[in-house]
Amino acid sequence: MSGLGLGLLADGGEDTGIWHQIFNFDNYGELLGLVQNSLYAGVLLGLVGGLTGVFVIMRDLPFAVHGISELSFAGASAALLLGVNIVAGSIAGSLIAATAIGVLGVRARDRNSVIGIIMPFGLGLGVLFLSLYKGRAANKFGILTGQIVAVGTPQMAWLLGTSAVVLLALALVWKPLTFAGADPEVAEARGVPVRALSVAFMLVLGLAVALCVQIVGALLVLALLVTPAAAAARVTVSPVLLPVLSVVFALCAMEGGILLAVGSTVPISPYVTTLAFVIYLGCRLVEARRTHRVRHTELDSPRAPVQTHT
């Protein structure tokens, strides 16, 4: 059941006003029981998205996230058509895209070209598979815009296992990946396998994208893998505080989006993306006020007297 199904359950299937469709808390306590697995999945996605997003921003890979999500969408659509596990299909599509981008796109210019080729190909395949699928329309819609109550026990097991792999991989490569991202030339000169790390991170990113697609959909996965980390980078440069804030922001957007979407007729993705965007705007305002305060302090501070020699 998607957000649409929950909304109809909450309002008895009656056609109501727009605001009642967007924010509806009738029978809210009963509906929360239907999204228990989704809330757990939201915690996993907040951790994975927040931590992975730090390196997405550091290595300038938002475009890659979008490209991988298109192949993840194609893989999930193929799995839906064939009647196999959608999570497995999504992961397979993501890993294929991540491998292609990591191997063929070593330089930034080459990488963008590869992504530009992969994106329409993946989107076209996804549209083809969904066109051939004759099942419920909600299943098609959910792959694009996310679902909040379709997280069953088998899917939760896939999410938990894949999240564990991503978090373990990030823990193993965090330090050299940070070094390579900050100064790749110096890192390579000191023996850090920069190229191998790049490919390895792309595979980790592929798994992270596949996870996020399951809840927020293929179209808006950037809201978890880019926006929280970008917001955190606006208020801190601390190597410790940056990933912490990124995870906190991702968790707020993910869990808040689920809780707001429980009783509505609207899919979860608009709530998650809106919350993430509001957080980003807040961080921009904090950054702007801090910059203004620093400049004001510098202008008001007494300058050293100019010494003259006679």
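## Salt bridges, ring pairs and a surface patch

Glutamate 287 and arginine 284 lie three residues apart in helix H15, so about one helical turn separates them. The model that shows this is a predicted one. The two side chains form a salt bridge, with 3.7 Å between the closest N and O atoms. Arginine 284 has a relative accessibility of 36% and counts as partly exposed. Glutamate 287, at 22%, also counts as partly exposed.

Glutamate 287 has a further partner, arginine 234, and here the N to O distance of the salt bridge is 3.2 Å. This pair links distant parts of the chain: glutamate 287 belongs to helix H15 (residues 269-300) and arginine 234 to helix H13 (residues 227-235), with their positions 53 residues apart. Arginine 234 has a relative accessible area of 30% and is partly exposed. The structure holds two salt bridges. Arg234, Arg284 and Glu287 are thereby joined in a network of salt bridges.

**Aromatic pairs**

How many aromatic pairs does the model contain? The count comes to two. Phenylalanine 55 and tryptophan 174 make an edge-to-face pair, with centres 4.6 Å apart and 75° between the planes. Phenylalanine 55 lies in helix H4 (residues 36-58) and tryptophan 174 in helix H9 (residues 153-182), so the pair ties together parts that are 119 residues apart in sequence. Phenylalanine 55 has 0% relative accessibility and counts as buried, while tryptophan 174, at 24%, counts as partly exposed.

Phenylalanine 55 also forms an edge-to-face pair with phenylalanine 201. That pair links helix H4 to helix H11 (residues 194-216), and its two residues are 146 residues apart. Both phenylalanine 55 and phenylalanine 201 are buried. A pair of aromatic rings is described by the distance of the centres and the angle of the planes. The table gives these values for each pair.

| Ring pair | Centre to centre | Angle between planes |
|---|---|---|
| Phenylalanine 55 and tryptophan 174 | 4.6 Å | 75° |
| Phenylalanine 55 and phenylalanine 201 | 5.8 Å | 65° |

Both angles fit the edge-to-face class because that class takes planes over 60 degrees apart. Ring pairs link Phe55, Trp174 and Phe201 into a cluster.

**Surface patch**

Which residues form the nonpolar patch on the surface? They are Leu81, Leu82, Val84, Leu128 and Leu132, and together they have about 450 Å² of accessible area. Helix H5 (62-82) and helix H7 (108-132) are the elements that give two or more residues to the patch. Leucine 132 is found in helix H7. Its relative accessible area is 47%, and leucine 132 is therefore classed as partly exposed. Leucine 132 can join a patch because its 47% lies over the 30% that patch residues need.

**The whole chain**

The protein has 15 helices and zero strands. Of its 310 residues, 47% are buried. The protein exposes about 15,300 Å², and carbon and sulfur atoms supply 68% of that area. Among contacts between residues at least 6 apart in sequence, 76% join residues at least 24 apart. The pair of phenylalanine 55 and phenylalanine 201, in helix H4 and helix H11, links distant parts of the chain, and so does the salt bridge of glutamate 287 with arginine 234.

Note on methods:
Residues are numbered from 1 along each chain as its sequence is written. This is a predicted model: local features need pLDDT of at least 70, side-chain atom pairs count only at pLDDT 80 or more; totals for chains, interfaces and linings use all residues. Side-chain values use heavy atoms; hydrogens and water are left out. Patches are made of residues with over 30% relative accessible area and no salt bridge: like charges are joined within 9 Å, nonpolar side chains (Val, Leu, Ile, Met, Phe, Trp, Tyr) within 5 Å. Accessible areas come from the Shrake-Rupley method with a 1.4 Å probe; for residues, only the protein chains shown count as cover. A salt bridge is a side-chain nitrogen of Lys or Arg within 4 Å of a carboxyl oxygen of Asp or Glu. Helices (H or I, at least four residues) and strands (E, at least two) are DSSP runs, numbered from the N terminus. Buried means under 20% relative accessible area, exposed over 50%, partly exposed in between (1.4 Å probe, protein chains only). Rings of Phe, Tyr and Trp (its six-membered ring) pair if their centres lie within 6.5 Å; planes under 30 degrees apart count as stacked, over 60 as edge-to-face and the rest as tilted. Contact means heavy atoms within 4.5 Å.
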